[in-house]
Structure formats: C-alpha cells, structure tokens
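Student: I should like to understand the terms used to describe a protein model. May we go through them with an example in view?

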Amino acid sequence: MKTRAHSRKQRSGFVFILIFSLYGCAASVQELWPPQEGTPSHTIVVSLDTWHAMIAFPLAPFSLDRASAFEEWGYAEQAWYLEGRQGITGVMRALFWPSPGVIEVGLHDRILAARTPQPPSDVFIFRLSENGYRQLRRHLRSTIGAAEPIVVGGGSRFYPAKQPYHLFHQCHQYAAEALREAGLPVSAWAAFSRTIFAMQLQRAVRLAADEDVAKAIGDFHTATEPK
C-alpha cells in the first residue's frame, strides 16, 4: 500500500512539474510586451472569479477606486450560460462534449471581479504596447462567429463563437489565447484551470515589475555617471 501511494504521489508531482515547466517557459513577445518607455500604451484589466475569466478595456481614464466604464470580453458555453442547462449533466456536456460557445461583450461600470456573485476574485492589470493592443482587439473580434448577437441583456451582447466550448477550450484558455496575441508570457494550453491561469498572470505581473525596476536602475546609473 505504501509503495502504491508513493508511486501515485510521484506521478502527481511529475505532472505538476511538467505543467509548471510548460507554462513557465512561456516568454513574452519582445516587440509587443512590455511596452517600451515613452511609447503609446494601453491599460487592460483581467478579472478572475471562481469560474470565469474576462478581459476589460477601460473606456475612460482608468481607476479601480471609482465607478468607470469598461468594455469586457469573455467566453462561455451557450447551453450553460444562456439556456440554463446546468447540473451534473450540464457539467459533463460542457467539459467532455464540444458544444456551441458564446462570446460576451459587455459594457459595465465595474469589472467582473468587483461585481461577481461568485467570489473569490482576482484582478490583474497590464499595460500593452500600441501594436499589442491592436492585435488583442483584432484577435477578440475574430472569435465572433456572426455579426448579430444571440441575446442582448444586462449590459451585454452574446455572439455565437467560432470555436466550440470544451475542457481544452474554455474561458481561461480563451483569455490566455487573447493575451498571448498581445505579447504576454502566457500559455493557452496550460491555462486549463483557474489556478494555473492565475499563476501565469501573477508571473507576468512580476516580470513587468522587474522590467520597471531594471529600467529605473538603468536610468539612475545613467543620471549619476560622471559627465
């Protein structure tokens, strides 16, 4: 029994290390992210609650301390999210059978993380280069399968998605694919759970902070060099 338990523990550890290595190797696209100092940049906000991920674009000067205007993009299974076909059978269908997905485009005064009924929630803020921002926008628009929404309500429009929803293409991977288009160091393949996706976003935040620190140190040394 001890040998079997030890073997299972070893296999679990190996799988975790493999997954961590795969996403840990994801590198940023240098010409896209992070934006170069002094060049135009745009802020985006990524929200995660217990089950969902959304990417928000501030439509006015950005602040988390007050109500603002945000355009948010997300992805979900149509039957679960719009038709109420949930429960155990809904979980099995959504995860293990490719089914129609929907793209949500919403206009809200608060981001998902601030208004979700399903906490806990996390917020990740990134600055994108001009090209990265344009590529992110272009990619998101390309995921919509038809010009007319299926449902309009609650500040959101729901459009049919080009790709079906399933275990290996759900909201976290949808968001990761989009952020990758903007140059961020994330792996869509590895973002198959909230936890792994959040770890990738936390790593990207640290990398951006390290870049800012390195730039500040470089500026300091330049300023203090003997003339």
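Student: Which residue follows α6, and what is the sign of its phi?

Tutor: G183 follows α6, and its phi is positive, near 100 degrees. Please note that this is a predicted model, in which local features need pLDDT of at least 70, side-chain atom pairs count only at pLDDT 80 or more, and totals for chains, interfaces and linings use all residues. Residues are numbered from 1 along each chain as its sequence is written, and side-chain values use heavy atoms, with hydrogens and water left out.

Student: What makes α6 a helix by name?

Tutor: Helices are DSSP runs of H or I with at least four residues, strands are runs of E with at least two, and both are numbered from the N terminus. α6 has 11 residues, so it satisfies the helix definition.

Student: Why is α6 described as largely enclosed?

Tutor: A residue is buried under 20% relative accessible area, exposed over 50%, and partly exposed in between (1.4 Å probe, protein chains only). Because 8 of the 11 residues of α6 are buried, the helix is largely enclosed by the rest of the structure. Among the buried residues are H172, Y174 and L179.

Student: What makes Q170 a cap of α6?

Tutor: A side-chain oxygen of Q170 lies 2.8 Å from the backbone nitrogen of H172, at the N-terminal end of α6. A polar contact is a pair of N or O atoms within 3.5 Å; within protein, one must be able to donate a hydrogen and the other to accept it, and residues adjacent in sequence count only if both atoms are side-chain atoms. The distance of 2.8 Å therefore falls within the limit.

Student: What is meant by a nonpolar core, and which residues touch the most other members of the largest one?

Tutor: A nonpolar core is a set of buried Ala, Val, Leu, Ile, Met, Phe, Trp, Tyr and Cys residues joined through side-chain atoms within 4.5 Å. The largest has 36 residues, and F126, L179, F197 and L201 touch the most other members. Its largest share, 6 residues, comes from α6.

Student: Which residues does L201 touch?

Tutor: Contact means heavy atoms within 4.5 Å. Leaving aside residues up to four places away in sequence, L201 touches V46, L48, F124, F126, L179 and V186.

Student: How do you know that β3 and β4 pair?

Tutor: Two strands pair if DSSP finds at least two bridges between them. β3 and β4 have 8 bridges, in the antiparallel sense, so the definition is met. One of the bridge partners in β4 is I103, opposite Y75.
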